[in-house]
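Open your viewer, switch to a cartoon view and keep the selection tool at hand. We will go from one selection to the next, with a short note at each stop.

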Amino acid sequence: MQATLTNTFHNTQVTVAIMGELPYRLTKDQTAKVKHALCGRKGCTCGVVRGPAFDSLRRKLEVLPDAYMDGSGSTWSICSVVA
Ligand SMILES: [Zn+2]
């Protein structure tokens with residue numbers, strides 16, 4: 001399964017692999033890729049993931065801000081397919 005995340009402020013998008021069941025928390029590598037692809041601007045307040053998200057079947061996905069359990073930073077989780 002793949003998730004395409006978008007940023008309507010910068011008009012960017014990025015696709016990441018969902019390696020497991022939902023809810024799926026992005027890995028640190030995926031988080032870095034998403035931040036770089038969707039924004040990449042130091043000090044920007046756009047929020048990075050800012051727009052609709054879809055899977056490879058163009059179903060809408062719910063994506064919410066998340067954090068790593070070990071306190072090492074913030075990320076996002078792909079939570080569910082929106083019916
Ligand atoms: Zn930005």
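Select Asp66 and Thr75 first: aspartate 66 stands opposite threonine 75, which belongs to strand 6. This is a predicted model, so read each stop of the tour as a view of a prediction.

**Strands 5 and 6**

Now extend the selection to residues 60-67, which are strand 5, and to residues 74-81, which are strand 6. The two strands run antiparallel and are joined by 7 bridges. Follow the chain from one to the other and you pass through a hairpin with 6 residues between the strands. Stop at Gly71 on the way, where phi is positive, near 75°.

**Back to strand 4**

Next, select residues 53-55, strand 4, which runs antiparallel to strand 5 and is joined to it by 2 bridges. To find the pairing by residue, pick phenylalanine 54: its bridge partner in strand 5 is lysine 60. Strands 4 and 5 also make a hairpin, here with 4 residues between them.

Which residue in this turn has a positive phi? Click on arginine 58, with a phi of about 65°. Arginine 58 is not a glycine, yet its phi is positive. Is arginine 58 buried or exposed? It counts as exposed, with 7 C-beta neighbours inside 10 Å.

**The other side of strand 6**

Return to strand 6 and add residues 24-25, strand 3. Strand 3 pairs with strand 6 in the antiparallel sense, over 2 bridges. Select tyrosine 24 together with isoleucine 78 to see a bridge pair, with isoleucine 78 lying in strand 6.

While you are here, step back to Leu22 and Pro23. The peptide bond that joins leucine 22 and proline 23 is cis, with omega about -5°. Proline 23 sits in the loop between strand 2 and strand 3.

**The whole sheet**

Color all the strands now. What is the order of the 6 strands in the open sheet? It is 2-1-4-5-6-3, with antiparallel pairing. Strand 2 (12-17) and strand 3 stand at the edges with a single partner strand each, so one side of each has no neighbour in the sheet. Strands of a sheet pair through backbone hydrogen bonds, which you may like to switch on in the display.

Between strand 1 and strand 2, look in the loop for asparagine 11. Its phi is near 60°, a positive value in a residue other than glycine. Asparagine 11 is exposed, with 9 other C-beta atoms within 10 Å.

**Helix 1**

Select residues 28-38 to bring up helix 1, which lies across strand 1 (2-7), strand 2 and strand 6. Measured against strand 2 in your viewer, the helix should be found running at about 165°.

Show side chains for Gln30, Val34 and Leu38, the buried residues of helix 1. They cover an arc of only 45° around the axis, which puts them on the same side of the helix. An α-helix has 3.6 residues a turn, so residues three or four places apart point the same way. The buried residues of helix 1 pack against strand 1 and strand 2. Turn the helix around to find Lys28, Asp29 and His36, which are exposed on the other side. Just after helix 1, glycine 40 has a positive phi of about 75°.

**The nonpolar core**

Select Ala3, Leu5, Val34, Val49 and Val63: these residues have the most contacts inside the largest nonpolar core, a set of 14 residues. Strand 1, helix 1, strand 5 and strand 6 each supply at least two residues of this core.

Center on leucine 5 and look at what surrounds it. Apart from neighbours within four places in sequence, leucine 5 is in contact with Gln13, Val14, Val16, Val34, Leu38, Val49, Ala53 and Val63.

**Zooming out**

Clear the selection and look at the chain as a whole, which has 1 helix and 6 strands. From the N terminus, the elements run β-β-β-α-β-β-β. The radius of gyration is 12 Å, close to the 12 Å of the globule rule for 83 residues, so the chain is as compact as a globular protein of that length. Along the principal axes, the C-alpha atoms fill a box of roughly 35 × 30 × 15 Å. As a last coloring, try burial: 19% of the 83 residues count as buried.

Conventions
Residues numbered from 1 in each chain as written. Predicted model: local features only at pLDDT ≥ 70, side-chain atom pairs only at ≥ 80, totals over all residues. Pairing = 2+ DSSP bridges. Contact = placed C-beta atoms within 7 Å. Axes fitted to C-alpha atoms, helices over the stretch in contact; angles between N-to-C directions. Core = buried A, V, L, I, M, F, W, Y, C linked by C-beta atoms within 7 Å. Buried ≥ 20, exposed ≤ 12 C-beta atoms within 10 Å, placed from the backbone. Rg over C-alpha atoms; globule rule 2.2 N^0.38 Å. Arc of directions from axis to C-beta.
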